Protein chains: 2
Amino acid sequence: MSVTIAPDVTEQVAEVARAARVAARELALLTRAEKDAALLTLADALDAGAQQVVSANEEDLQRGQDQGLPGNLLDRLALDEDRVRAVADALRQVAGLPDPVGEVVRGSTLANGLQIRQVRVPMGVVGMIYEARPNVTVDAAGLGLKSGNAVILRGGSAAASTNAALVSVLRDALEERGINPDAINLLAEGGRDAARALMTARGLVDLVIPRGGASLIQTVVTESTVPVIETGVGNCHVYVDASAGTEMATAIVTNSKTHRTSVCNAAESLLVHREAAQRVLPPIMRELAAAGVTVHGDEQMQRYAEAAGAAYQPVTDEDDDTEFLSLDISARVVDDLDAALAHIQEHSSGHTEAIVTDDRAAARRFTTEIDAAAVLVNASTRFTDGGEFGFGAEIGISTQKLHARGPMALPELTTTKWVVEGDGQVR
Amino acid sequence: MSVTIAPDVTEQVAEVARAARVAARELALLTRAEKDAALLTLADALDAGAQQVVSANEEDLQRGQDQGLPGNLLDRLALDEDRVRAVADALRQVAGLPDPVGEVVRGSTLANGLQIRQVRVPMGVVGMIYEARPNVTVDAAGLGLKSGNAVILRGGSAAASTNAALVSVLRDALEERGINPDAINLLAEGGRDAARALMTARGLVDLVIPRGGASLIQTVVTESTVPVIETGVGNCHVYVDASAGTEMATAIVTNSKTHRTSVCNAAESLLVHREAAQRVLPPIMRELAAAGVTVHGDEQMQRYAEAAGAAYQPVTDEDDDTEFLSLDISARVVDDLDAALAHIQEHSSGHTEAIVTDDRAAARRFTTEIDAAAVLVNASTRFTDGGEFGFGAEIGISTQKLHARGPMALPELTTTKWVVEGDGQVR
C-alpha cells in the first residue's frame, strides 16, 4: 500500500504517542487498587459531567442531521443523561473485574535451578480506530486503564464534539487522582490522515484495534504496520441438520437472525438439510416472515418462503458472502452435512458458525471441522459475545487467529514477559 | 509500502497456498498418534536420503564459494551426513513432545447452561521466510506437522538445492504415509518476489514468521499484509549493579557476550554501576580481552579495557543501538539503577535484558520496569531459548508483544476456537 500522510499530522500523532508511552510506563506500575480507584473516579466524573457531554453530543447530532446521517447512525451516536450514566456504570463494572496484569501464566524451575515464570504485563500503547459510537470511547479508555495500557483513540468524526467532551472529563479525572492524563488520548484532528499516522506509528504504538464496518477494518488491516487485531466481520451461518428438532431449529434460526440485526454475531445465512426441509422450513419461514425478514433463497426456499408469506428474492453468489446486518438472510437447502461444511468453509468469515442437530456424530464433525472463532451446537449465534461468555467486558470480537480469537476482554489487552531468576547460572 | 510483484509469481504462490490450505484441513484432523508416526517416517526418510541431501548441499556450497559467500554463512549452510542425522533426530524429538492441538485452555458452564470451552487448534497455513539455513527447513516442517499446520517455506536462495532435496525427501515420506504432501511446500522459484507474494497472500496464509537478520525481518514486518510474528533481533544488555558479586558479574558478562556471538540472545551492551566499576571491571575486562572482545566504551571503560589489554574503541551513539553479533560490546559506566533503566529502555530491542545484583529491591525494579520478552536476574542472557526453557523445540524468539513473546514452540503455532454446546439456548 502506498499512502501519503501529511507530515505535520504524522508528527502530531507521534507526539501524542510519545506522551502516551511515558504514561504507559507509569500505568504499568500501578497496583490494581490504584487502577480500580481511578476507574471509580472516572465514573463519578462522567456522572458529574453528564450535562456537558450531552451538550457536546447535541452539537454532533445537529451536525449529523444537517449532513443527512442515516437514522441508525444517529441513534448510535446519541447520548442522553441516562446513556452517559450507563457508560459510567460500565466503568464501575470494569473496576470490579480481576486485574490481568501480574497473572503468572506458567512457570517452572529448570534443571539448572533457574526459576522462570511467564507473567502478564500491559501491551503499552493501544490505538483504537472506530466509528461514531461514543460509548466505545469510554469503554476503551476504561479497559485500557484497567489493563495498564495507555490508549490513543480515533473515533468517527461524526462524534468529534462528544468524544472531545468525554475525553476531557476523563483526563481531568485522571489528573485529579495524580495519574498522568496522557494515559487517555484522543486524535481530534487530522481526519483520516490521523488514523493512518496512528496505524503506521510502528515502535510508538504496540497494537491497533479497528472496530467498525468491513471497509474500515480492511483499511486498517492492509495499511497498518503496527500489529493489528482484526475484529468483527461476521457472515455467520446456522445449519439445520437432518436430525434437528423443529422447535429448537425455529427458535435458534429466528433468534440468530432477528434478535439484533446490526451486530456481527447475527446470522446472515441459513442452510437446511434436505431431509429436514419439509419439516422445519414451514415454521422457520413463518417466524422469519413475522419478523419482516427477506429471504434470499434458492428454489426450494422460495416455495417455503412464499407459502409462509415471507418476502423472497433469488439468492445470488454475492449474497452468500454478504454480511447483511439487516432483516435479510441468504438461505439454501443442502444435500447433507458434507455440503453444509463445504459451503460454510467457503463463505465463512471465521466468526461464528452454528449447527442445530440431535446427532452426536454430526455435532462432533461440525465443531471439529469448521474453522471459526466460535462453533456452536444447539445455541443461537448471538452468544458469541464477551458479556455472554462471562468476561464482564469486551473490547471487540477477533476474527483473526493471531493473539486473540473470538470475544476479547482484559487478558487479550496484555502481553507476557518471562522473568528469570538465578544465582549466577551461565551456559 | 508500494511493492510490485510479478503477477505470475503471485499466482504461483497463490496456487501453492491453496493446495496448502487443502492439506491443512486434513492435517487438522490427524490424531497425535498419526502425526507422531509421520514425524518418525520423515526422520527415517532423511536418514535414508542423507547422501542425496549432502550431494545437493555440495552444489550449494560450490556455488556459494564461487560467489564469494563469507565463511560463517557457508558454515551455516553446510550439511554433512552427521548434520543430516542431527536434523532427523530433531524430528524424533518433536514426535515425543506433547501435541498442543486439542488442549482445552479454559472453559466454563454459563448461567444459562451453555458449556463453553476454548480449545487449541492449528493456525492453518504458516509461511516461513528465512536465510540459507537448511536445518530451519526441516525444523519448520516438523513443528508445522506436529502442530497440525501446513507450511510454506521460503529459504535463502544460497540453500536452494539443499532445500529442494530436503523437501523432496519429506514430501515423499508424507505420501508414503498417506498424508497429503502439500503439508510441506517450498517456494523454490520467483526469488524475492516469491517471498513478497507469500507475505501478501492474505486470506490464504494465516501467519508469516521471518527468521534471520534485521533487514529481512524489517522487510517482512513492514510489507506483509498477512499477520506476522517478528523474531530475533536482540540488542541485549547486561547491567552490573552496585551490589553485584564480582565473580558472578564476570562470569555472566563473559558468558553472555562470548558463549556464542552470532545469536540473538548474546549480550551486545554492558552497563556497570559506577560504584562497582573499580571492583568488577578489571576481571571483566581481563576475561573479555582473553576472549578477543573489542570494547566500544566510554572514557572510564577505556581505562579498564586498556589496563586489561582489551581492544578498545570509543563508543558511539550508533554502537548503543547495534546488534554486533560479533566479538564486540558497547560498554558504559552509569550513575545508578535509574540511569541503567533509562538507557536500556531507550536502546532495548525488547529481547532479553539482564541484571547482576545482590540487591532485592534493584532486582524487583529491574524485572518490573524493563519492558522486554525476558528479564533475567543473575543469569546469562544466553538462557532465553526454547530449548533452555524446556520447550523441547523452538521456531523462533518473538520480540513483538502480540500472540507470542520470547521463545516460541508448539503452542505458539496454534490458535484457539471456542466450542459452545447447548440444548436450544437463545437470547
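A charge is taken to sit over a ring if NZ of Lys or CZ of Arg is within 6 Å of the ring centre and within 35 degrees of the ring normal. In the predicted model before us, the charged end of R303(B) sits over the ring of Y304(B), 5.4 Å from its centre, and in the other chain R303(A) lies over the face of Y304(A), at 5.3 Å from the ring centre.

Before I go on, a word on conventions. Residues are numbered from 1 along each chain as its sequence is written, while chains are lettered from A and ligands numbered from 1 in the order in which they are written. As the model is predicted, local features need pLDDT of at least 70, side-chain atom pairs count only at pLDDT 80 or more, and totals for chains, interfaces and linings use all residues, with side-chain values using heavy atoms and leaving out hydrogens and water.

Now to the aromatic pairs. Rings of Phe, Tyr and Trp (its six-membered ring) pair if their centres lie within 6.5 Å, with planes under 30 degrees apart counted as stacked, over 60 as edge-to-face and the rest as tilted. By this rule there are six aromatic pairs over all chains. One of them brings together W418(A) and F391(B), whose ring centres are 5.8 Å apart and whose planes stand at 50°, so the pair is tilted. F389(B) and F391(B) also pair, edge-to-face, at 5.9 Å centre to centre and 80° between the planes. Elsewhere, F389(A), F391(A) and W418(B) form one aromatic cluster.

Finally, burial, which means under 20% relative accessible area (exposed is over 50%, partly exposed in between, with a 1.4 Å probe and protein chains only). Both W418(A) and F391(B) are buried, and F389(B), at 3% relative accessibility, counts as buried too.
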